[in-house]
Amino acid sequence: EMPEEELLEVVSKFAQPAQSGQPLQPRLAASINYLTTHQLQEQVLTETTNKYKAPENCVSLNVPTVNTPIWCNISPGNRAQELKIQKILKLFTSGITAFARSIDGTDMTEVQQDALALLCNTQYEINCFRKSSIRPTHNPKFAGLCKASATPPPRQLFGKDLEEEAKASG
C-alpha cells in the first residue's frame, strides 16, 4: 500500500485547481452564494417560474416531454429520474427567459452574449443527457433514435417523427 503522502503527490498531479475570476460586487456574491446552497420554497419556485414562461417565438425554451411510445417502455425508476430532470430543466429555462427579458437583444455586451450562449448550450447538453440516460432501457435496434441530433426537440424529446423513424429502424 502506498503511503498517504506519496498518494497525495500522485493525486495532486491530476487534480485541477479551481481557477477564480475577478470578484463580484460583495452583495451580489453573497446572494449567489446563498441561493446556490439553499433550496427555495416550492411556492416561491412556482410563482417565479410562472412569471417567466417560454416566449411564443422561442419554443426551444419549452421543456420537451418524452414521446409516449418511449415513456410507456421505460422503467418506473427512469421515469422518476426523468421527471426530476424535467423539473430542473423547467427552472433552468425560466432562468434563461428571465435573463433574456433583462437584456436588450439588439445591443448585448460580450458578457451577455457569453452568458446566453453558455446557458443555452447547457440546456442543449441537458436534453442530450436526457436522451442518453433513457437509451440503455431500450431495445438495441432503437438505440439510434436516442442519440443527440442537430434537430432541436420542439415539444417531444425524440422529435415528432419518432414513430416513422422507429418503423424504419425495425
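Which helices each supply at least two residues of the lining of the largest pocket? I began with this question and found that helix H3 (42-51) and H5 each do so. I noted that the model is predicted, that local features need pLDDT of at least 70 and side-chain atom pairs pLDDT 80 or more, and that totals for chains, interfaces and linings use all residues. Residues are numbered from 1 along each chain as its sequence is written, and side-chain values use heavy atoms, with hydrogens and water left out.

**Entry 1: the pocket**

I took helices as DSSP runs of H or I with at least four residues, numbered from the N terminus. A pocket, on a 1 Å grid over the protein atoms alone, is an open set of points with protein on both sides within 12 Å along at least five of seven lines, and lining residues have an atom within 4 Å of a point. A volume is the space filled by probe spheres set on the points, which are joined across faces, edges and corners. The largest pocket holds about 270 Å³ of space. Of its 14 lining residues, Thr48, Leu91, Ser94, Gly95 and Ala98 are the closest to its centre. H5 gives the largest share of this lining, 7 residues. I recorded 10 nonpolar, 4 polar and no charged residues in the lining of the largest pocket. Here Ala, Val, Leu, Ile, Met, Phe, Trp, Tyr, Cys and Pro count as nonpolar, Asp, Glu, Lys and Arg as charged, and the others, Gly among them, as polar.

**Entry 2: the salt bridge**

I then looked up salt bridges (a side-chain nitrogen of Lys or Arg within 4 Å of a carboxyl oxygen of Asp or Glu). The count is 2. One joins the side chains of Glu42 and Lys87, at 3.2 Å from N to O. Glu42 belongs to helix H3 and Lys87 to helix H5, so this pair ties together parts that are 45 residues apart in sequence.

**Entry 3: the cavity**

A cavity is a set of grid points where a 1.4 Å probe fits but cannot get out. I searched the whole structure and found 1 cavity of 30 Å³ or more. The largest cavity has a volume of about 40 Å³. Asn78, Gln81, Glu82, Ser133 and Ile134 line it. H5 and H6 are the elements that give two or more residues to this lining, and the largest share, 3 residues, comes from H5.
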